[in-house]
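Colleague: I would like to take a close look at a single part of this chain, and I am still learning how to read such pictures. Could you choose one helix and walk me through its surroundings with care?

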Amino acid sequence: MSPDVDASWRCVADRLCARQQAGGVGQRPLLACLCAAWCHVCRDFAPVFEHVAAQHPEVVFAWVDVEEDEALGDDLDIENFPTLLLVRDGAVVHLGPVLARAATVEAVLARGGC
């Protein structure tokens, strides 16, 4: 990530973590799915994301519609949906678009040490 993008995403990550009371040092990791209601892939992915969330109570999962969440929308420059943001111990450890599959979410969590 470029420094400018990194700073914007860190700001978004900090706001999401504060909202969910997660992601900081000593707190549970946060995995946010950034999506849009008009995106059919996101709509199909929602139950998959919820299923994986049920398997990982040690992680806070958040579903964020970037067009409805005005507090975050201005800071985001998302090119593809769904995009996952994983924050652990106060650091962004994953950020990027993913294939809408449970195995992909599990792999992101594993790479992030969750």
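Modeller: What follows starts from the last helix and then widens to the parts around it.

Please keep in mind throughout that this is a predicted model. The chain has 4 helices and 4 strands, and from the N terminus on these elements run in the order α-β-α-β-α-β-β-α. The part I have picked is helix H4, which spans residues 102–111.

Let us begin with the residues of H4 that are hidden, namely Thr104, Val105, Val108 and Leu109. Around the helix axis these residues cover an arc of only 140°, and they are therefore on the same side of H4. A general rule helps to make sense of such a pattern: an α-helix has 3.6 residues a turn, so residues three or four places apart point the same way. On the other side of H4 you will find Ala103, Ala110 and Arg111, which are exposed.

One of the buried residues deserves a moment of its own. Threonine 104 has a relative accessibility of 15%, and because buried means under 20%, threonine 104 counts as buried. If its neighbours within four places in sequence are left aside, threonine 104 is in contact with Val98 and Leu99. Beyond the end of the helix, H4 is followed by glycine 113, whose phi is positive, near 80°.

What, then, covers the buried residues of H4? The cover includes strand S1, helix H2 (40–55), strand S2 (60–65), strand S3 (83–88) and strand S4 (91–97). Several of these elements are linked to one another, since S1, H2 and S2 make a right-handed β-α-β unit. Within that unit, S1 and S2 run parallel and are joined by 6 bridges, and cysteine 35 has aspartate 65 in S2 as its bridge partner. Strand S2 is largely enclosed by the rest of the structure, because 5 of its 6 residues are buried.

It is also worth asking how the nonpolar side chains are grouped. In soluble globular proteins, nonpolar side chains tend to be buried together. In this chain the largest nonpolar core has 17 residues, and those that touch the most other members are Trp9, Leu16, Leu30, Leu34, Leu85 and Val87. Elements H1, S1, S2 and S3 each supply at least two residues of this core, and the largest share, 5 residues, comes from H1. Apart from this core lies another, of 13 residues, and it brings us back to our helix, for Val105 and Val108 are among its members, as are Phe45 and Val98.

To return to the largest core for one example, leucine 34 touches residues including Trp9, Leu16, Val64, Ile78, Phe81 and Leu85, when residues up to four places away in sequence are not counted.

Finally, the chain as a whole gives these details a setting. Buried residues make up 44% of its 114 residues, while the chain exposes about 6100 Å², of which carbon and sulfur atoms supply 50%. Among contacts between residues at least 6 apart in sequence, 68% join residues at least 24 apart.

Notes: Residues are numbered from 1 along each chain as its sequence is written. This is a predicted model: local features need pLDDT of at least 70, side-chain atom pairs count only at pLDDT 80 or more; totals for chains, interfaces and linings use all residues. Side-chain values use heavy atoms; hydrogens and water are left out. Buried means under 20% relative accessible area, exposed over 50%, partly exposed in between (1.4 Å probe, protein chains only). The arc is that of the directions from the helix axis to the C-beta atoms. Contact means heavy atoms within 4.5 Å. Accessible areas come from the Shrake-Rupley method with a 1.4 Å probe; for residues, only the protein chains shown count as cover. A nonpolar core is a set of buried Ala, Val, Leu, Ile, Met, Phe, Trp, Tyr and Cys residues joined through side-chain atoms within 4.5 Å. Two strands pair if DSSP finds at least two bridges between them. A crossover is right-handed if, with the strands pointing away from the viewer, the path from the first strand over the helix to the second runs clockwise.
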